Amino acid sequence: MTQATRRKVLTQEGKRKSTNAGLWLDKYIKDQDREGTARRELVEEVANIRQPEWYPSWFERWKNGLEEIGAQMREAQVLGRMAVGLGADSVLETSISLHHTLGVPYIPGTALKGLASSFARNRLGDDWAPEVEDGPHSIMFGNTDTAGYVTFFDAIPLPGKSDLFLDVITVHHPDYYTTGANPPADWDSPTPVPFLSASGRYLIALLGPEEWVDAAFSILGYSLETVGVGAKTSSGYGRLVLETPPPVNTEHQIVDDLIAQVS
């Protein structure tokens, strides 16, 4: 089958009830036109794809599996919009993290771990420096020699609690940014770039010794609410509120110490 024939088949294909949003985004752009109309249409199509009908049953199996291995779970609500994976490879100029199998927006465990690690390194004082031998940072997150005590799982949206949206980044002075030959001016023609963002409520799961998991949730809660995860955090994207944890046993003094340091 030639490329032209494949492209013709794509123009005749339409979304279905079972369409995977990630697959549709990666494979079903109909025309890479210069004006960007097809790109905007693709983003709008993906934004209108809902969770699969079977997703609730899959989510329950996922949650039960986490419970069986002893993971602690808390829910987190996105405040506004979230753009995780914006700079990843894509048929568009922008991307988003969509689960390969499920097609739903999610937050990779590596992103959560990186956010918490950065927050601890920059906000919790010299004791949390990664280079401190046998320090709390290397114990919680690990280093090049050993694994950390805490495992960060992917954050998966609750059934019926996530949405995708059409968002736009507007490049106001494209000629200046591309060539730099002429200074930016009011008469420049702006270039809108469509991209996908997400919202919703997500299940965050951590596994490890109880006191270290409690501490990791404390760090993660502060970092999600004050710093944000993903791209465009300086514009307010990626903020989440972690649900209020249950009362902490007084023997877990490390949690109280962490809260005191960041307050």
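**Entry 1: W58 and its ring partner.** I looked up W58 first and found a relative accessibility of 18%, so I put W58 down as buried, the limit for that class being under 20%. The model I am reading is predicted, and I keep that in mind for every value below. W62 comes out at 23% relative accessibility and therefore counts as partly exposed. Both tryptophans lie in helix α4 (residues 55–68), where they are four residues apart, about one turn of the helix.

I then went through the aromatic pairs, and the count comes to seven. W58 and W62 form one that is stacked, with 5.7 Å centre to centre and 10° between the planes. Following the ring pairs outward from there, I found that they link Y55, W58, F59, W62 and F153 into a cluster.

**Entry 2: a pair between a loop and a helix.** Next I took Y149 and W212, an aromatic pair that is edge-to-face, at 5.9 Å centre to centre and with 80° between the planes. Which parts of the chain does this pair tie together? Y149 lies in the loop between α6 (136–141) and β2 (151–152), while W212 belongs to helix α8 (residues 210–226), so the pair ties together parts that are 63 residues apart in sequence. The two partners fall into separate accessibility classes: Y149, at 44% relative accessibility, counts as partly exposed, whereas W212, with a relative accessible area of 12%, is buried.

**Entry 3: arginines over rings.** I also checked for charges placed over ring faces, and noted R74 over the face of F217, at 4.2 Å from the ring centre. R81 lies over the face of F165, in this case at 3.9 Å from the ring centre.

**Entry 4: strand β1 and its partners.** I traced strand β1 (residues 72–78) to strand β4 (residues 191–207), to which six bridges join it in an antiparallel arrangement. β1 is also joined to strand β5 (residues 240–242), again antiparallel, by three bridges. Which residues stand across from Q77 in β4 and in β5? In β4 the bridge partner of Q77 is R201, and in β5 Q77 stands opposite V241.

**Entry 5: the nonpolar cores.** The largest nonpolar core has 45 residues, and those touching the most other members are V46, M82, M140, L164 and I204. The elements that give two or more residues to this core are α2 (21–27), α3 (37–47), β1, α5 (109–123), α6, β4, α8 and β5. The largest share is that of α8, which contributes eight residues.

I listed the contacts of M82, leaving aside residues up to four places away in sequence, and found I107, S197, A198, Y202, V229, Y237, G238 and L240. Apart from the largest core lies another core, of 13 residues, among them A71, F153, I156 and L203. F153 had already come up as a member of the ring cluster with W58 and W62.

**Entry 6: the chain as a whole.** I closed with the overall figures. The protein chain has nine helices and five strands, and from the N terminus on its elements run α-α-α-α-β-α-α-β-β-α-β-α-β-α. Buried residues make up 40% of its 263 residues. Of the contacts with a separation of 6 or more, 74% are between residues 24 or more positions apart. The accessible surface comes to about 14,600 Å², and 48% of that area belongs to carbon and sulfur atoms.

Key:
Residues are numbered from 1 along each chain as its sequence is written. This is a predicted model: local features need pLDDT of at least 70, side-chain atom pairs count only at pLDDT 80 or more; totals for chains, interfaces and linings use all residues. Side-chain values use heavy atoms; hydrogens and water are left out. Rings of Phe, Tyr and Trp (its six-membered ring) pair if their centres lie within 6.5 Å; planes under 30 degrees apart count as stacked, over 60 as edge-to-face and the rest as tilted. Buried means under 20% relative accessible area, exposed over 50%, partly exposed in between (1.4 Å probe, protein chains only). A charge sits over a ring if NZ of Lys or CZ of Arg is within 6 Å of the ring centre and within 35 degrees of the ring normal. Two strands pair if DSSP finds at least two bridges between them. A nonpolar core is a set of buried Ala, Val, Leu, Ile, Met, Phe, Trp, Tyr and Cys residues joined through side-chain atoms within 4.5 Å. Contact means heavy atoms within 4.5 Å. Accessible areas come from the Shrake-Rupley method with a 1.4 Å probe; for residues, only the protein chains shown count as cover.
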